[in-house]
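Here is a short set of exercises to work through with the model open beside you. Try each task before you read its solution.

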Amino acid sequence: MMNPLSGLFEASEWEVDALCAQTDPDAFFPTSHQSGAPARRVCAACPVRAECLALAMELEGTVNQDLRHGIWGGTTPGERAALAARGLGRTPPGE
Ligand code: SF4
């Protein structure tokens, strides 16, 4: 199964460990009528969650929630917008 993040950025070494590569990529881009919960459960067990979230924050910058899409690093667009507003999320936890 293709990683839903593939093609969106230059491949990183950690991408090979992304659990979403083993699941339905559509689950990571739920429509307004779908839940992101299944994707978030996958992210919760993903060993590269911190790297993924850091990349999402870098790519999305400080745009608002409406311009963010998908579940990245276990977070929704709204959660990432909140992190950006607080100046958080660009550095993986523990670094
Ligand atoms: S944290 Fe989620 S979206 Fe990111 S690489 Fe892991 S499974 Fe994929």
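**Exercise 1. Start from a glycine.** Find what Gly36 touches, leaving out residues up to four places away in sequence, and decide how exposed Gly36 is.

*Solution.* This is a predicted model, and the values below are computed from it. Not counting residues up to four places away in sequence, Gly36 touches Pro30, Ile71 and Thr76. To place Gly36 in the fold, look at the segment before H1. Next, count neighbours: 19 other C-beta atoms lie within 10 Å of Gly36. A residue needs 20 or more to be buried and 12 or fewer to be exposed, so the count falls in between. Gly36 is therefore partly exposed. As a last step, take a C-alpha distance: Gly36 and Gly70 are 34 residues apart in sequence and 8.2 Å apart in space.

**Exercise 2. Follow the contact to Ile71.** Locate Ile71, and work out whether Ile71 is buried or exposed.

*Solution.* Ile71 sits in the loop between H2 and H3. Ile71 has 25 other C-beta atoms within 10 Å, so this residue is buried. Now list the partners, leaving aside neighbours within four places in sequence: Phe28, Gly36, Ala39, Arg40, Cys43 and Thr76 are in contact with Ile71. For Phe28, the C-alpha to C-alpha distance from Ile71 is 5.1 Å, although 43 residues separate the two in sequence.

**Exercise 3. Check the geometry of H2.** Compare the expected span of H2 with the distance between its end C-alpha atoms.

*Solution.* Helix H2 covers 49–60. The rise is 1.5 Å a residue, so the 12 residues of H2 should span 16 Å. The end C-alpha atoms of H2 are 16 Å apart, which agrees. Just after H2, Gly61 takes a positive phi of about 60°.

**Exercise 4. Sort the residues of H2.** Which residues of H2 are buried, and what do they pack against?

*Solution.* The buried residues are Arg49, Cys52, Leu53, Ala54, Leu55, Ala56, Met57 and Glu60. The buried residues of H2 pack against H1 and helix H3 (77–85). Glu58 is also in helix H2, but Glu58 has 11 other C-beta atoms within 10 Å and so is exposed. The C-alpha atoms of Glu58 and Ala84 are separated by 9.7 Å, with their positions 26 residues apart along the chain.

**Exercise 5. Classify a helix pair.** How are H2 and H3 oriented to each other?

*Solution.* The two axes come within 11 Å and cross at roughly 75°. Angles of 65 to 115 degrees count as roughly perpendicular, and H2 and H3 are therefore roughly perpendicular to each other. Ala56, Met57 and Glu60 of H2 make the contact with Arg80, Leu83 and Ala84 of H3. By class, this contact has four nonpolar, no polar and two charged residues.

**Exercise 6. Describe the ligand shell.** Which residues come nearest to the ligand, and which helices supply the shell?

*Solution.* The ligand has 14 residues around it, and Ala18, Cys20, Cys43, Cys46 and Cys52 come nearest. Helix H1 (37–44) and helix H2 each supply at least two residues of the shell. By class, the shell has 11 nonpolar, two polar and one charged residues.

**Exercise 7. Step back to the whole chain.** How many helices and strands does the protein chain have?

*Solution.* The protein chain has three helices and zero strands. Of its 95 residues, 28% count as buried. Among contacts between residues at least 6 apart in sequence, 49% join residues at least 24 apart.

Note on methods:
Residues are numbered from 1 along each chain as its sequence is written. This is a predicted model: local features need pLDDT of at least 70, side-chain atom pairs count only at pLDDT 80 or more; totals for chains, interfaces and linings use all residues. A residue is near a molecule or strand if its C-beta atom, placed from the backbone, lies within 6 Å of it. Helices (H or I, at least four residues) and strands (E, at least two) are DSSP runs, numbered from the N terminus. Ala, Val, Leu, Ile, Met, Phe, Trp, Tyr, Cys and Pro count as nonpolar, Asp, Glu, Lys and Arg as charged, and the others, Gly among them, as polar. The expected span of a helix is 1.5 Å times one less than its number of residues. Two residues are in contact if their C-beta atoms, placed from the backbone, lie within 7 Å. Axes are lines fitted to C-alpha atoms, for helices over the stretch in contact, and angles run from 0 to 180 degrees between N-to-C directions. Angles under 35 degrees count as roughly parallel, over 145 as roughly antiparallel, 65 to 115 as roughly perpendicular and the rest as oblique.
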